[in-house]
Amino acid sequence: MKNDDTFDQELYEKIDRYLDGEMEGEERTVFEKAIQTDVKLAQQLAKSKQARLSIELGRRKELKDKLTARGEELLRNSSIKVEEPPKQKNWLFFLMILMLLAMMAFFFFGPKFTQQTISQPPQPVALYEKYIDWYQRSTTLSNEPDSSDQAVMLDSAEQYYLSRDCSAALPLLQELQKTPPVASLNYLLSGLCLLHNDQPGVARSQFSRIPSTATDFYWHGQWYTALAWLKEGKTAEATTVLESFAPIRHKQKQKADELLKVLKQ
Amino acid sequence: MPKQEYTDKELVDMILQGGREQEKALYILQEQYINLHFIVVRRKYRIPDYDSMSVFNDALIALSDAISKKQYREGSLKSYFQTILKNKCLDYLRKRRRSTDEIKEDTSIIDEKPNPEEQLIWKEEQVGRSEEEEKKRQLLAEAMLKLSQKCRNILIDKYLHGLKPRQIAAKYEDIKNAATARSTLYECFKKLLKIIDDLMDSQAD
């Protein structure tokens, strides 16, 4: 039914009062009887209900659109830049192309080429690629289970990190850093995510925030700081950091000594 | 992070005021509860990234509705929101299970039932809705958004915030008295009916 001229202001207000439950007694009885007999009135009532639903749904949509835009902004406006990790398929394809090119180069240039390559000192970036890994804690350091929001968030972030989803881990870690005290594990994981996201400079600043009193995390941080320097091709800086491992005993020390040896060749 | 901490009562009052205050309260709640987007929506219920924010925002709007309709009375707003959020996540997963066969593993989480307390908040309204009904609801939402901003605001004040014509006249400078408010309401409502008719006709074509 189209809206017609019978839907004047008086009828509109009458239907409104009925739907709002403001019509009482005899007036209500008469109106309800009219709905049973007057098809046009019944249709107008149905359309008014529909329009009321439209107001509610429209407002909801308007609010949701605004919240969506703001929510995306909230996630985007991270002071730590979040980058999507490269898709595995693309990575594999790229690797295959690289291998193919390497094989072609070998056959074209022969032993002379390989001889020259071997005699070159190892490239820092190649060393970085060789040593970088996804750090995993061997033991849980906390003695008692902590169910606070912060602990749950940190645990979530660690799980994301372990599943190599830094785009999910970083915003959580960043959020946690807004409320001191910040766990050393947070700085370590933030730095690692940034390192894996090709941001070695920012990664180092995260590692540098691990207090030396948190011995285990601190030396892991030092190890990855050295790798971050290597990623930028800065061998001298990496060497200095690795030399600091000399007097200590840490699980990364063996690798640090090995890498130091290669760098000093 | 919000610049200032608001109490539950302040936020509830802002939502009840409607309009910009309501929007402001929702923005604050969105920021305050954003960690639940990660912990509950993404991690616990494993809702994919592309839908997770939508589910989270649906829960915020449902919270606002519950406050406006006085369904929320007391207790921690965050706990109340968490229950709504959980229900929204389960609704989403059930809906997705019905529409696709994507979820084949760990369906126990989808079959989770709300506890008696949560049932008070539980809303199944979206679950049993057909595709045709969903389309109609979308059309109705669009119709409202085609109205002028002024008409939208006045209709929202009347039908969602329960303002009387006298209060509407007091709120809007260009509406001099209750009588003008009543006629403006009527005109806006009539325009909305017309837009709904036109949209339904164009859909039928």
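What covers the buried residues of helix 7 of chain B? Keep that in mind as we walk through this predicted model; the answer comes once both chains are on screen.

**Start with chain A**

Select chain A and colour it by secondary structure. You will find twelve helices and zero strands, so the cartoon should be easy to follow as α-α-α-α-α-α-α-α-α-α-α-α from the N terminus on. Of its 265 residues, 26% count as buried. Among contacts between chain A residues at least 6 apart in sequence, 57% join residues at least 24 apart.

Now switch the colouring to pLDDT. Chain A has a mean of 81, with 84% of its residues at 70 or more. Two stretches deserve a cautious eye. Over residues 78–86 of chain A, pLDDT stays under 50, and the model has 18 contacts beyond four places in sequence for them. Residues 140–144 of chain A also stay under 50, but here the model has zero contacts of that kind.

**Into the core of chain A**

Next, select A157(A), A169(A), L189(A), C193(A) and A226(A). These belong to the largest nonpolar core, which has 41 residues, and they touch the most other members. To see where the core comes from, show helix 6 (149–162), helix 7 (166–177), helix 8 (184–196), helix 9 (200–207), helix 10 (215–231), helix 11 (235–243) and helix 12 (253–263) of chain A, each of which gives two or more residues to it. Helix 10 of chain A makes the largest share, with nine residues.

Zoom in on C193(A). Setting aside neighbours within four places in sequence, C193(A) is in contact with Y161(A), C166(A), A169(A) and L170(A). Apart from this core lies another, of 29 residues; V41(B), A59(B), A62(B) and C89(B) are among them.

**Over to chain B**

Bring up chain B, which has ten helices and zero strands. Buried residues account for 33% of its 205 residues. For contacts in chain B between residues at least 6 apart in sequence, 59% link residues at least 24 apart.

**Helix 7 of chain B**

Select residues 131–145 of chain B. This is helix 7, with 15 residues, and from its first C-alpha to its last it reaches 21 Å, close to the 21 Å expected at 1.5 Å a residue. Show side chains for L140(B), A141(B), A143(B) and M144(B), the buried residues of this helix. They lie on the same side of helix 7 of chain B because they cover an arc of only 155 degrees around the axis. Turn to the other side of the helix, and you meet E131(B), E132(B), E134(B), K135(B) and Q138(B), which are exposed.

Now for the opening question. The cover over the buried residues of helix 7 of chain B includes helix 3 (39–76) of chain A, together with helix 8 (149–159) and helix 10 (178–204) of chain B.

**Where the chains meet**

For the last stop, select the contact between the chains: 36 residues from chain A and 37 residues from chain B take part. On the chain A side, helix 1 (9–19), helix 3, helix 6 and helix 7 each supply at least two residues. Highlight helix 3 of chain A in particular, since the largest share of that side, 23 residues, comes from it. Colour the chain A side by residue type and you will see 13 nonpolar, eight polar and 15 charged residues.

Definitions and conventions:
Residues are numbered from 1 along each chain as its sequence is written. Chains are lettered from A and ligands numbered from 1 in the order in which they are written. This is a predicted model: local features need pLDDT of at least 70, side-chain atom pairs count only at pLDDT 80 or more; totals for chains, interfaces and linings use all residues. A nonpolar core is a set of buried Ala, Val, Leu, Ile, Met, Phe, Trp, Tyr and Cys residues joined through C-beta atoms within 7 Å. A residue is buried if 20 or more other C-beta atoms lie within 10 Å of its own, exposed if 12 or fewer, and partly exposed in between; C-beta atoms are placed from the backbone. Helices (H or I, at least four residues) and strands (E, at least two) are DSSP runs, numbered from the N terminus. Two residues are in contact if their C-beta atoms, placed from the backbone, lie within 7 Å. The expected span of a helix is 1.5 Å times one less than its number of residues. The arc is that of the directions from the helix axis to the C-beta atoms. Ala, Val, Leu, Ile, Met, Phe, Trp, Tyr, Cys and Pro count as nonpolar, Asp, Glu, Lys and Arg as charged, and the others, Gly among them, as polar. pLDDT is the predictor's confidence in each residue, from 0 to 100.
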